[in-house]
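The exercises below ask you to read a protein model step by step, with the sequence and the structure open beside you. Try each task before you turn to its solution.

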Amino acid sequence: MDAARQASIAFGLAPRLRPKLLAHLHRPPIELVWRAPYVGLANWPGAQPRRRRRGRPPPAQVEPQPTDAGPAEKEDEIDLSPMRVEEGGECSTLPTAATPSIPSSWDAILGNRSELLLHVQSYFSTVHYYGFLTFIHEPSFYQLLDKGAAPRDLTLMLVVCSLQFAHEDPAARSRASTVYSEVYKTIQENVFQRNDAVHLMTLLLARVYEAARGNFVTSWTMCGLIVRTMQFLSLHTFDETYNTQAPTVRHNPLLKPEALRRVAWAVFYLDTLADTGQHGVHLVTDTAFRIQLPCDEASFVRGIDVETARLHDLRCSVPNPLIAHSPNGEGPSHVGISGHLMRTAAMRRRVLHFDSLIQHSTDTSAKILADLADFEQHLRKVISDLPDDLAYSDHNLFVQARRLPAFLFLHLLRHNCFLMLAKARLNVCSRAPSLKDFALSVCRERIRHAIPVSRIVADIIRLGVNCSPAVGVQAYTSLEILLYDPLLLSEIDSSVKPREPRFTGALRTLLECIRQQARRDERNRLMHLEACSRLVGCSFEDLLTPSDWEKCKKQVAPYLAFPSVELTRQGKA
């Protein structure tokens, strides 16, 4: 029953039910609905699980259940299926949509235990650490998988993401598409009927996959559904809304308090990407998130509840963990990679939002530059708050080997914050011709951050790290800077050589990163074509490989009139 229906009952149709229904509306349930087997969790945490009425058949199938009475339930068995309150005051199981017979590809994956474990292990070693998807508690998922009780749709989405992102074979991505086309049916059926946390996890992974295969409209629409579902569950105020100290022994182990906080932060991070820095497009604000940041990965994996810090608290980490204290001086702080990533993403979005409003601002250029200087001071405080074991170094590349995708992306995003800050300053300079010299200094500052980005990307390629497709976006941003800014500076400063080895080597590395990501992500494929066209336009065609030329000639040549490889070689001769 939807919220409007419940509200109408509460305020008019059934006065005797008002207390129960108002309490139900005041605290939205976090529900778990699994398919095969079908298990559910209602009103977690804080409320006792409700007993199912005797004689009602257990909801073990996906099809709507008959009304005939089944075997009587034992007294100590407790049903955790989602409940709805009917006008008569009784609780009944929500109706479920009919699902067609299980396709053969599901049988091939779910029926082959060894293959399924390989896919799940591949997911947790790659996609799980892409930076904002660390909300699935790995030990609990393996425990459920061993018992045959893991949520089916979520399990299949782990397999889909593993096939799409962790395998180089095109046949694996083709199989991912086949599996997803089947699991998407149940996702589509449940999208307006379920409001549970596990379904939210499934939607988050589905959105990642839809974006990777180029279904941008579907991905964008899913962003809105994900945000609203998270807000309905009040996960962004989890610490205030729910009793986190309630016993959870009988609850789904995937729904640990830290896991639910991480789901909320994953939604926050997703929204920072979806609005592309345009102020007013975002659906959530950082001030609305009144939960602590994700803890360190060791505490999360071990299931230890620790205190971290809020989003805008500074000094939430210090180099020595033995003397680390929270901002309020109440004990040790345990902010992990995911927590620092959220703080960096929030800072980046603030800069991008400010940049999007510059063109509409009536303030003077001096005032806007002063505001950007304040932004930089706060950004440097966020940067300096990183502990020593998360600083970028050759040693920490191996210390953080288990979480290397997130570790590398964190440092790419930190450099990107400075690049976006410099971009905002260039937009201010474009309003005042008198700031031309300052603009040139900003270009030099951008180069100083783009070069380290190319070095991090070189480490990604050298170590063979499977990173998020967002790494390709960071690589493309730096490629544009290292392509155009040296050309601009060379017109003023003769000491700047656009084709000196540090620039050409960085461009080659960045292009290789985009090329690799293009094999499994549609956005990177489009950026690869655009990068090739820009390199050719600036006479850097020698950086392109024969495969680059083939792709460019086939897909872009009718519009950009690319020269052929033969003509390029003849011109060089």
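**Exercise 1. The surroundings of F141**

Task: Leaving aside its neighbours within four places in sequence, which residues is F141 in contact with?

Solution: Begin at F141 and pass over the neighbours within four places in sequence; the residues then in contact with F141 are V120, F124, I136, A150, L154, T155, L158 and L254. Bear in mind throughout that this is a predicted model. Next, place F141 in a wider setting: the largest nonpolar core has 151 residues, and F141 is, together with I136, M157 and L205, among those that touch the most other members. The largest share of this core is supplied by helix α16 (residues 404-429), with 18 residues.

**Exercise 2. Two helix pairs**

Task: Decide how α13 and α16 are oriented to each other, and then do the same for α19 and α20.

Solution: Take helix α13 (residues 337-358) and α16 to start with, whose axes come within 9 Å and cross at roughly 15°. Angles under 35 degrees count as roughly parallel, and therefore α13 and α16 are roughly parallel to each other. As for handedness, α13 passes α16 in a left-handed crossing.

Turn now to helix α19 (residues 501-518) and helix α20 (residues 522-537), which pack with their axes 8 Å apart and at an angle of about 150°. Angles over 145 degrees count as roughly antiparallel, so α19 and α20 are roughly antiparallel to each other. The crossing of α19 and α20 is left-handed. On the side of α19, the contact is made by L507, L511, I514, R515, Q517 and A518, while α20 contributes N524, R525, M527, H528, A531, C532 and L535.

**Exercise 3. The place of E480**

Task: Where is E480, and is E480 buried, partly exposed or exposed?

Solution: Locate E480 in helix α18 (residues 470-490). The relative accessibility of E480 is 24%, and buried would require a value under 20% while exposed would require one over 50%, so E480 counts as partly exposed. Then look at the partners: the side chains of E480 and Y476 are joined by a polar contact of 2.8 Å, and, when neighbours within four places in sequence are left aside, E480 is in contact with D485 and R534. Finally, compare sequence with space, where E480 and A531 are 51 residues apart in sequence and 7.9 Å apart from C-alpha to C-alpha.

**Exercise 4. Two serines with a positive phi**

Task: Where are S234 and S539, and is each of them buried or partly exposed?

Solution: Recall the general rule, which is that most residues other than glycine have a negative phi. S234 is not a glycine, and yet its phi is positive, at about 60°; likewise S539, also not a glycine, has a positive phi of about 65°. S234 lies in the loop between α9 (216-232) and α10 (238-241), and S234 counts as buried because its relative accessibility is 13%. S539 lies in the loop between α20 and α21 (546-555), and S539 counts as partly exposed because its relative accessibility is 45%.

**Exercise 5. The whole chain**

Task: How many helices and strands are there in the protein chain, and what percentage of its residues count as buried?

Solution: Counting along the protein chain gives 23 helices and 4 strands. Of the 573 residues of the protein chain, 54% count as buried. Lastly, consider the contacts with a separation of 6 or more, of which 72% are accounted for by residues 24 or more positions apart.

Notes. Residues are numbered from 1 along each chain as its sequence is written. This is a predicted model: local features need pLDDT of at least 70, side-chain atom pairs count only at pLDDT 80 or more; totals for chains, interfaces and linings use all residues. Side-chain values use heavy atoms; hydrogens and water are left out. Buried means under 20% relative accessible area, exposed over 50%, partly exposed in between (1.4 Å probe, protein chains only). Contact means heavy atoms within 4.5 Å. A polar contact is a pair of N or O atoms within 3.5 Å; within protein, one must be able to donate a hydrogen and the other to accept it, and residues adjacent in sequence count only if both atoms are side-chain atoms. A nonpolar core is a set of buried Ala, Val, Leu, Ile, Met, Phe, Trp, Tyr and Cys residues joined through side-chain atoms within 4.5 Å. Axes are lines fitted to C-alpha atoms, for helices over the stretch in contact, and angles run from 0 to 180 degrees between N-to-C directions. Angles under 35 degrees count as roughly parallel, over 145 as roughly antiparallel, 65 to 115 as roughly perpendicular and the rest as oblique. A crossing is left-handed if the near helix is turned anticlockwise from the far one by less than a right angle, and right-handed if clockwise.
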